[in-house]
Amino acid sequence: MLIAIDHGNYDIKTPHNSFMAGLAEHSVRPPMADEVLEYGGSYWTLSGKRLSYRRDKTRDESYFILSLFAIAREMVLAGKTGAVERVHLAVGLPPEHYSILKDKFTQYFKRSESIHFIYNDKPFTILFGNVFVYPQAFAAITGIKSQLNQHLRVFLVDIGGYTTDVLLLRNGKPDLQFCRSLEMGVITMNNDIIRRVGALHDMRIEDEHISAVLSGKETILPEEVKKTIREAGQHHAKDILDKLRELQVDLRSNPAVFIGGGSILYREYLENSPMVASATFIENPKANAVGYYSMANMQMNLSGK
């Protein structure tokens with residue numbers, strides 16, 4: 001079974017699932033939890049508190065356990081429970097970190113022994129087969145790649161949880177010599193807005209409030225608080241574009257494809273900015289995971305594995 005996972009700093013995503021990258025460990029089964037994974041002698045639940053940002057996600061078992069949640073959800077959806085299953089993984093890394101961390105990320109999952117765990121009282125035994133690692137952002141444009149081949153240069157701008165990753169396409173092919181990863185993602189913005197709203201309005205808000213306001217959804221927040229959130233969101237989007245200009249990424253002379261949940265939150269500003277001449281938006285937040293699956297599936301079919 002082939003399973004694709006996008007290991008975001010904000011969310012973990014598969015082609016069919018998404019959940020916050022937060023994890024809690026328990027010594028006994030938590031009585032009211034509706035999603036519990038037993039592994040390594042502990043009980044694990046998903047948490048509303050995100051893990052701290054880590055450039056190298058292999059430094060401990062946290063992202064491996066989050067991956068088991070993603071794998072379990074996909075296997076349940078496919079009706080594959082109870083038997084030993086060989087799982088091929090398709091995952092990704094930011095383009096700037098790809099060449100440095102690719103082998104390490106592969107070995108993080110490429111384990112020789114079977115993995116046993118229990119998910120919601122159902123036993124699972126999996127054995128990892130192939131582990132495919134692809135550059136983020138490039139994977140997300142799988143569905144529109146043919147449309148981009150007509151352009152000499154296209155910048156892919158993936159605004160994610162903690163980072164904004166930029167990759168240059170030359171004639172439709174990724175130029176890994178020109179890729180950048182900026183620590184200017186949605187989490188950075190949210191932390192700034194939460195502090196600002198607290199200082200100006202003496203009110204505690206959460207990430208969900210910010211996403212709702214920037215997405216145009218209804219909330220009971222006072223209008224002055226919503227105004228502060230919208231202004232801060234526009235300011236953050238402008239900061240990203242300003243930083244890209246400093247890195248010689250000129251979106252007035254080169255078309256841009258915006259990817260990631262952050263790009264959707266900033267869409268109105270980005271579309272109307274004089275610093276962006278041509279913008280295409282990949283609206284599916286799971287686009288990287290969908291791309292990983294498509295690329296790995298094609299690779300396996302070509303190799304006959």
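Does A137 count as buried or exposed, and at what relative accessibility? In this predicted model, A137 counts as buried because its relative accessibility is 1%. The residue lies in the loop between β10 and α3 (145-148). The backbone of A137 has a phi near 75 degrees, a positive value in a residue other than glycine.

A positive phi is also found at D202, where the angle is near 50 degrees and the residue is again not glycine. D202 belongs to the loop between α4 (186-201) and α5. With a relative accessibility of 72%, D202 counts as exposed, whereas A137 counts as buried.

The aromatic side chains may be considered next. A search of the whole structure yields 16 aromatic pairs. One of them joins F64 and Y108: the ring centres are 6.1 Å apart and the planes meet at 85 degrees, so the pair is edge-to-face. Because F64 lies in helix α1 (residues 62-77) and Y108 in helix α2 (residues 95-109), this pair ties together parts that are 44 residues apart in sequence. Both F64 and Y108 are buried.

Helix α2 also contributes F109, which pairs with F128 in strand β10 (residues 122-135); the contact therefore ties together parts that are 19 residues apart in sequence. The geometry of the F109 and F128 pair is edge-to-face, with 6.5 Å from centre to centre and 70 degrees between the planes. F109 and F128 are both buried. These contacts belong to a wider arrangement, in which ring pairs link Y39, F64, F105, Y108, F109 and F128 into a cluster.

Rings also take part in contacts with charged side chains. The charged end of K57 sits over the ring of Y63, at 5.5 Å from the ring centre. Over the face of F178 lies R180, 4.7 Å from the centre of that ring.

The description ends with the largest pocket, which holds about 830 Å³ of space. Its lining comprises 47 residues, and those nearest the pocket centre are Y10, D11, K13, G261 and G262. Several elements each supply at least two residues of this lining: the strands β2 (6-7), β3 (11-13) and β11 (153-159), together with the helices α2, α5 (207-214), α7 (261-265) and α9 (287-303). Helix α2 thus appears both in the lining of the largest pocket and in the aromatic pairs, through Y108 and F109. By class, the lining residues divide into 16 nonpolar, 17 polar and 14 charged.

Terms used:
Residues numbered from 1 in each chain as written. Predicted model: local features only at pLDDT ≥ 70, side-chain atom pairs only at ≥ 80, totals over all residues. Heavy atoms only, no water. Phe/Tyr/Trp six-rings, centres within 6.5 Å; stacked < 30°, edge-to-face > 60°. Helix = DSSP H or I, 4+ residues; strand = E, 2+ residues; numbered from the N terminus. Buried < 20%, exposed > 50% of the residue type's maximum accessible area, 1.4 Å probe, protein only. Lys NZ or Arg CZ within 6 Å of the ring centre and 35° of its normal. 1 Å grid on protein atoms, 1.4 Å probe; cavity = no way out; pocket = protein on both sides within 12 Å on 5 of 7 lines; lining within 4 Å. Points joined across faces, edges and corners; volume = space filled by probe spheres on them. Nonpolar A, V, L, I, M, F, W, Y, C, P; charged D, E, K, R; others polar.
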